[in-house]
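Me: I have a structure to study and a few questions about how its parts pack. Can we take them one by one?

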Amino acid sequence: MDSRLPAWVWIGAIVLACVAGMVNVVGYLGFEYQALSHLTGTTTLLGAALVAGDRSTALQLAGIVLAFCAGATLSGLILQDDALRLGRRYGVALALEAGLLAAAVPLFERAALYGALLAAMACGLQNALATTYSGALVRTTHLSGMFTDLGIGLGHLLRGRPLPTRRLSLSALIIAAFLAGGAAGAWLFALLRYDALLIPAALTGATGLGYTAYRQWRGVPAGPAD
């Protein structure tokens, strides 16, 4: 990863990881103990439901998978790129994510599945939004890659090889932010129930506004997706 990693990447990744932690724990506590910010466990349970012939559960899980993919598709339509670059329409994508999270609140309160679908779509959009920077993966809705990077770094350290300190620092910060978001989300859910999702929605919207203001302050022209 570039040793001159810009501040907007650090700040955005940390805030969005915190948001994902909040959304995931609200989904887990409120929607049949199912994760919404990543699909590994969901796909596993989908396979088990298919074998068991549990049609209702299989349809719910398939809906979560498809909603997450739909969110990633929206990100691709808006950004038209798979690398983090100042000038892309991240503000638009983040505003859309904030809207999806806010819209999920009343749907969660009436029928958990529809709220879960919108929240999963928001997570898919976010995960596709934060994809790569300088060839290194930057994922904010799940932590497998971040823990893998830390493990690889530890192996290099034990062999006396140089460490990509910036990359490992970003991985550690994303993990810490996701954990903090999960803890905060659990606390907020106990107090506010599904209204807790309004907090990550506000954070996402504020991040989008901050990014847009920063891009304009830097005088960076709009990218081809703008």
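Me: Which residues touch the most other members of the largest nonpolar core?
Reply: This is a predicted model. Its largest nonpolar core has 40 residues. The ones that touch the most other members are V23, V26, L36, I64, F108, L129 and L197.

Me: Which element gives the most to this core?
Reply: Helix 1, helix 3, helix 4, helix 5, helix 7 and helix 8 each give two or more residues. One of them gives nine residues, the most. That element is helix 5.

Me: Which residues is V23 in contact with, leaving aside its neighbours within four places in sequence?
Reply: V23 is among the core members that touch the most others. With those neighbours left aside, its contacts include L36, L101 and L197. The list also holds P200, A119 and C123.

Me: Is helix 1 roughly parallel or roughly antiparallel to helix 5?
Reply: Helix 1 covers residues 7-30 and helix 5 covers residues 112-129. Their axes come within 11 Å and cross at roughly 155°. Angles over 145 degrees count as roughly antiparallel, so helix 1 is to helix 5 roughly antiparallel.

Me: How many charged residues are in the contact of helix 1 with helix 5?
Reply: On the helix 1 side, the residues include L16, V19 and V23. They meet helix 5 residues, among them A119, C123 and Q126. By class, this contact has nine nonpolar and two polar residues. The number of charged residues is none.

Conventions. Residues are numbered from 1 along each chain as its sequence is written. This is a predicted model: local features need pLDDT of at least 70, side-chain atom pairs count only at pLDDT 80 or more; totals for chains, interfaces and linings use all residues. Side-chain values use heavy atoms; hydrogens and water are left out. Axes are lines fitted to C-alpha atoms, for helices over the stretch in contact, and angles run from 0 to 180 degrees between N-to-C directions. Helices (H or I, at least four residues) and strands (E, at least two) are DSSP runs, numbered from the N terminus. Angles under 35 degrees count as roughly parallel, over 145 as roughly antiparallel, 65 to 115 as roughly perpendicular and the rest as oblique. Contact means heavy atoms within 4.5 Å. Ala, Val, Leu, Ile, Met, Phe, Trp, Tyr, Cys and Pro count as nonpolar, Asp, Glu, Lys and Arg as charged, and the others, Gly among them, as polar. A nonpolar core is a set of buried Ala, Val, Leu, Ile, Met, Phe, Trp, Tyr and Cys residues joined through side-chain atoms within 4.5 Å. Buried means under 20% relative accessible area, exposed over 50%, partly exposed in between (1.4 Å probe, protein chains only).
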